[in-house]
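Trainee: I would like to learn how to read a structure step by step. Where should I start?

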Amino acid sequence: MTIEQLKAAAADNLWAAIAPEIMIGLLALALLVAELVLPKKRHGIIPLISLSGLLGVFLGLLMNFRPLDLGGTTFNGLLRHTEGSQFLRVYFVLCALLVTVLGIIALKKQKMPKTEFFSIVLVITAALMLLGQAHNFILLFVALETVTVGFYILVSYTRTNPLSLEAGLKYLILGALSSALLLFGIVLLYGVAGNPAAYASSTNPMDFDALRVFLAHNPDNFLASVGIVLVLSGIAFKIGAVPFQIWVPDVYQGAPTPVTAFLAVASKAAGFALLMILAGVFSSYSGLVITVLSIMAGATILFGNFAALTQHNVKRLIGLSGVSHAGYLMLGVIAALTPGVGSQAIGAVFFYLAAYLLASFAVFGVMTHLAGSNDSDQELDHYQDLVKTHPFLAGVLAIGLGSLAGIPPLAGFMGKLFIFMVAFKAELYWLLAIAVVGVVVSIYYYFGWIKAAFFAHWRPPLPADSVADARPVRAAVSLPFGVLLGTLATASIVLGFYQGPLGAWLLGR
Amino acid sequence: MIFPFDPLLLAIVAPLAAALLLIAPLPERVVKAIAALGFLVPAVLGFLTWWHYGANLDAGTGYAFRTVYDTGLRDALGISLHLGLNGISMPMFLMSGVVGLAAGLYALQTKAERLRFYLGLLLVMQGGLMGVFASVDIFFFYFFHEFALIATFLMVGLWGGKDRSYAAMNMTIYLTLGAMLSLLGFILIYIKSGAESFDLIVLRHEIAQQGLSGVAQNYAFGLLMIGLGILVSLFPFHTWAPLGYGAAPSSVSMLHAGVLKKFGLYGLVQIAVPLLPAGSAAWAPALAWLALGNIVILGLVAMAQRDLKQMVGYGSVMHVGYGFLGVACLNALGAGGVVLFMVAHGLSVSLLFLLTTSIYHRTGTFDMDDMGGLVKKAPVLAAFFLTAILASIGLPGPGLLNFWGELTIFMATYEHFGWLVVPALLGVVISAIYGLRAMGKVFYGQPSAAFLKHQESNVVTDLRWNERIPALLLILTLVGFGVWPRTLSEPLNKTLGEVYPASAAAVQK
């Protein structure tokens with residue numbers, strides 16, 4: 001490339017378009033600097049710096065939700081900014097805010113370096129935000145790897161806990177495998193679409209637009225089909241869809257609770273963002289994509305729900321129930337591939353993700369607060385009589401779990417309703433039948449958890465040789481955290497009653 | 001009279017607002033006053049809307065007191081909080097107000113643990129019930145039902161009697177399955193009718209214009225019949241009901257067996273049969289046979305009970321068979337009978353549950369073999385109980401309204417199914433046998449040894465005034481409408497005349 005060509009290319013770089021990501025990246029560095037500069041006893045304010053920075057970005061994004069260049073691409077087609085990507089940016093920043101709050105609470109119970117945790121959360125967030133705007137396989141892969149590498153560290157963050165280390169190792173190996181699958185798929189697609197001998201080949205086959213045009217002209221290329229399936233498999237790892245779900249229970253149990261929440265919500269949402277972006281790119285292969293996703297979705301719903309039935313550890317339980325949620329969401333993605341249902345189905349998926357965020361963080365918040373010093377050891381038994389000792393926490397837990405179970409009048413129900421409606425429109429009757437079975441089964445374990453917290457229980461007498469009760473001590477809830485949990489629970493209720501402009505915007509398209 | 005406010009919205013919001021107020025730390029007397037007010041408002045509004053129904057009736061739509069509130073999805077999905085009463089829902093709305101007030105007043109005098117929480121949940125249930133019958137929009141009809149169901153589940157689990165945890169779980173799983181199936185049925189109608197709206201008026205209009213394919217009607221009615229059937233304990237999906245009623249606290253049994261369960265029958269009469277004439281014609285014979293299963297088989301099971309509360313529970317499940325039989329006739333006569341029967345059944349069953357608990361408080365047991373001779377100690381209770389038993393048998397007199405309902409159903413059954421009416425008539429004999437036998441065992445004869453022993457340590461009093469008032473409220477309403485059913489049947493006739501011609505055509509073979 002000559003200087004002129006580089007200059008011409010650079011002219012398309014619109015740095016203002018990614019100002020939020022840049023700011024979050026700078027914030028991550030600022031935290032590290034703050035740790036060096038500030039005296040040790042002032043380190044408590046580092047997470048607060050992170051929180052206020054994130055809050056600023058969050059408000060900034062909301063105020064400038066529809067920038068002028070919406071719908072266009074920047075950075076020579078690396079990024080494409082849409083209403084959906086703007087939604088995801090807000091979503092990921094909100095996740096980061098909540099994870100940071102949970103991190104503050106969880107890290108108090110551990111003797112661990114603290115600043116790095118918050119810093120890595122920020123780096124992951126910036127990468128997730130870019131991922132939601134990806135319009136090119138190179139950018140997609142780099143952003144995804146940034147996210148995954150960040151998670152490798154976070155999952156094994158409590159390094160004194162063998163389960164956390166085991167989880168980190170599992171996530172590392174399986175994550176690497178999934179990256180390899182994804183990369184191999186990308187290479188295959190690059191190879192077929194970039195082959196100059198092929199009809200309608202492209203000089204820039206990493207670009208989604210170019211790839212879509214190529215695929216539309218070659219609707220039954222075998223290598224492209226293999227590539228598509230491999231790319232989908234790589235993403236299925238991230239969202240924990242069957243048969244790529246094996247890592248979920250162990251990693252969810254071993255990872256510190258805030259990281260579990262981050263994985264469950266943000267990482268899953270990123271996977272679905274990619275699926276929806278790629279669904280558009282692979283639209284000429286929609287028959288293949290629908291078949292693959294349908295099989296995965298059915299198996300995911302059934303496996304997630306039935307495997308969660310037998311769990312006693314709440315982190316494993318919520319991990320496996322999260323697998324089933326991935327299945328319901330895939331229903332929405334499949335519906336989005338059906339002509340005539342498309343944009344409404346995408347709106348339904350977004351609404352489901354929003355409801356899932358509110359409910360999950362309510363539940364994870366309660367879990368984080370109640371966890372003892374051994375973060376992996378959170379059993380259903382530990383929730384006994386919660387309604388007597390902490391009625392507020394029990395209420396938040398019940399609302400969060402009820403919303404996850406899809407019980408009206410909570411937001412989770414509306415999410416399921418929208419997904420079911422678009423799936424009906426797309427005539428996915430078999431998957432709907434499976435989903436109904438899944439919902440009914442899920443009632444058993446979600447309400448089993450509520451039962452543990454609410455209904456009076458017979459408690460086994462302590463064994464003679466034990467010194468004290470192994471159950472962790474329950475502390476009182478601090479006011480700001482209580483307000484936060486209350487807000488999450490209220491939001492779940494309000495969004496169930498009144499979807500307002502959000503509902504009209506997401507589903508009216 | 002033109003109301004200066006929306007009476008239907010107020011009837012829904014008042015109990016919910018009262019429930020919210022109870023969260024505040026108030027002295028017990030204020031708590032009770034607020035709760036009483038929350039129960040009183042819907043009942044008063046029920047009577048007011050009944051009295052002023054004719055004057056407010058809008059001839060174009062056939063609904064009175066119609067208002068539409070947009071919750072954000074009206075334009076996007078055709079879902080809006082559309083309230084209104086027609087001739088079918090007005091009697092139900094009135095009945096649920098009255099039963100709610102009786103159940104509330106009865107709950108006020110109980111010595112439940114954490115009374116504030118108990119009353120709050122009961123108020124939530126009441127708000128949901130008023131919403132069920134005030135909704136013109138099918139989505140909100142379903143939504144309010146689930147709303148009331150959650151409160152039911154928690155109350156059974158927290159304040160229930162024997163086996164409450166198991167009963168609550170059993171009930172929730174069954175009812176979720178029923179609710180999910182009927183939701184699928186409703187979505188099927190929504191999508192296949194092409195109306196893209198859950199508004200019943202729009203749906204009716206659209207289906208009258210466009211029609212609905214026979215296959216879609218078959219599936220939709222099948223889903224609704226089984227789904228709603230589970231909710232109304234249609235044989236053989238009834239097993240949750242006696243178990244649940246046996247375990248539930250009395251006010252909850254009153255509201256659930258009396259009112260909430262009518263959701264399913266009401267849904268069939270108001271929505272499924274008029275909208276799906278071909279589907280209902282195909283399923284009606286099967287429904288009639290299952291209804292006979294309720295009447296005969298469960299009637300015999302009720303006869304075999306020694307536990308009074310179980311007997312009342314089975315008796316209530318048995319009687320809903322009449323409702324299904326009336327629905328299966330698919331004509332205005334049968335449907336009209338079902339609505340009158342539902343009102344009568346709601347009032348008499350809740351009266352029975354109330355008195356059963358009052359008997360328990362005097363004898364300390366539900367086992368009828370351990371009672372006897374109670375009439376000497378509690379003559380008023382005996383008189384009330386006899387009234388309730390006679391009403392539930394359907395004898396003219398106290399049970400005049402039950403009589404009108406059952407008579408109409410029998411006439412419709414004879415007209416439509418011929419000799420099938422014989423086993424249905426057998427049900428009257430069965431309920432007379434178990435009812436009068438219970439009367440004899442509990443109140444007449446010599447006191448059993450166990451009851452004498454119980455009297456040594458407990459003073460047995462007659463029905464106190466705070467128990468008499470709710471019971472009298474139910475009895476007077478029942479007798480009043482029995483003597484003067486025209487005020488209910490005239491608007492009912494008018495609505496059925498508008499709604500049912502479609503099915504009359506389908507019945508002709």
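Mentor: We will go from whole chains to strands, helices and single residues, and keep in mind that this is a predicted model.

Trainee: How many helices and strands are there in chain B, and how many in chain A?

Mentor: Chain B has 24 helices and three strands. Chain A has 20 helices and two strands.

Trainee: What does the radius of gyration say about chain A?

Mentor: For 509 residues the globule rule gives 23 Å, and chain A has 23 Å, so chain A is as compact as a globular protein of that length. The C-alpha trace of chain A spans about 80 × 60 × 45 Å along its principal axes. For chain B the value is 22 Å, which agrees with the figure near 23 Å for a compact globule of 509 residues. The box filled by the C-alpha atoms of chain B is roughly 70 × 60 × 40 Å.

Trainee: What share of the residues is buried in chain B, and what share in chain A?

Mentor: In chain B, buried residues make up 64% of the 509. In chain A, 56% of the 509 residues count as buried. You can also ask how far apart in sequence the contacting residues are. Take contacts between residues at least 6 apart in chain B: 80% of them join residues at least 24 apart. For chain A the corresponding share is 78%.

Trainee: How many residues does each chain give to the contact between chain A and chain B?

Mentor: Chain B gives 25 residues and chain A gives 27. On the chain B side, α4 (74-77), α7 (138-159) and α8 (164-192) each supply at least two residues. The largest share of that side, twelve residues, comes from α8(B). By class, the chain B side has 17 nonpolar, six polar and two charged residues.

Trainee: Now the strands. In what order do the three strands of chain B lie in their sheet?

Mentor: Strands of a sheet pair through backbone hydrogen bonds, and the pairing is either parallel or antiparallel. In chain B the order is β1-β2-β3, the sheet is open and the pairing is antiparallel. β1 and β3 of chain B stand at the edges with a single partner strand each, so one side of each has no neighbour in the sheet.

Trainee: Which residues are bridge partners between β1(B) and β2(B)?

Mentor: One pair is L57(B) with A64(B) in β2(B). Strand β1 (residues 57-58) and strand β2 (residues 63-69) of chain B pair over two bridges. These two strands form a hairpin with four residues between them, and G62(B) in the turn has a positive phi of about 80 degrees. On to the next pair: β2(B) and β3(B) (residues 81-85) are joined over four bridges, in the antiparallel sense. There, V68(B) has H82(B) as its bridge partner, and T67(B) stands opposite L83(B).

Trainee: Which way do the residues of β3(B) point?

Mentor: In a regular strand, side chains alternate between the two faces of the sheet. In β3(B), L81(B), L83(B) and L85(B) point one way, while H82(B) and G84(B) point the other way. Five of the five residues of β3(B) are buried, so this strand is largely enclosed by the rest of the structure.

Trainee: How do helices α5(B) and α16(B) pack?

Mentor: Two packed helices are described by the angle between their axes and the distance between the axes. Helix α5 (residues 89-108) and helix α16 (residues 332-363) of chain B pack at about 5 degrees, with axes 9 Å apart. That angle makes α5(B) roughly parallel to α16(B). Residues that meet include M92(B), V99(B) and Y106(B) from α5(B) and M342(B), G346(B) and L354(B) from α16(B). The contact has 13 nonpolar, two polar and no charged residues.

Trainee: Which peptide bonds are cis in the loops of P243(A) and P236(B)?

Mentor: In chain A, the bond from V242(A) to P243(A) is cis, with omega near 5 degrees. P243(A) lies in the loop between α9 and α10 of chain A. In chain B, the bond from F235(B) to P236(B) is cis, with omega near 0 degrees. P236(B) sits in the loop between α10 and α11 of chain B.

Trainee: Is L330(B) buried or exposed?

Mentor: L330(B) has 24 C-beta neighbours inside 10 Å, so it counts as buried. Phi of L330(B) is near 60 degrees, a positive value in a residue other than glycine.

Methods. Residues numbered from 1 in each chain as written. Chains lettered and ligands numbered in written order. Pairing = 2+ DSSP bridges. Contact = placed C-beta atoms within 7 Å. Nonpolar A, V, L, I, M, F, W, Y, C, P; charged D, E, K, R; others polar. Rg over C-alpha atoms; globule rule 2.2 N^0.38 Å. Buried ≥ 20, exposed ≤ 12 C-beta atoms within 10 Å, placed from the backbone. Axes fitted to C-alpha atoms, helices over the stretch in contact; angles between N-to-C directions. Parallel < 35°, antiparallel > 145°, perpendicular 65-115°, else oblique.
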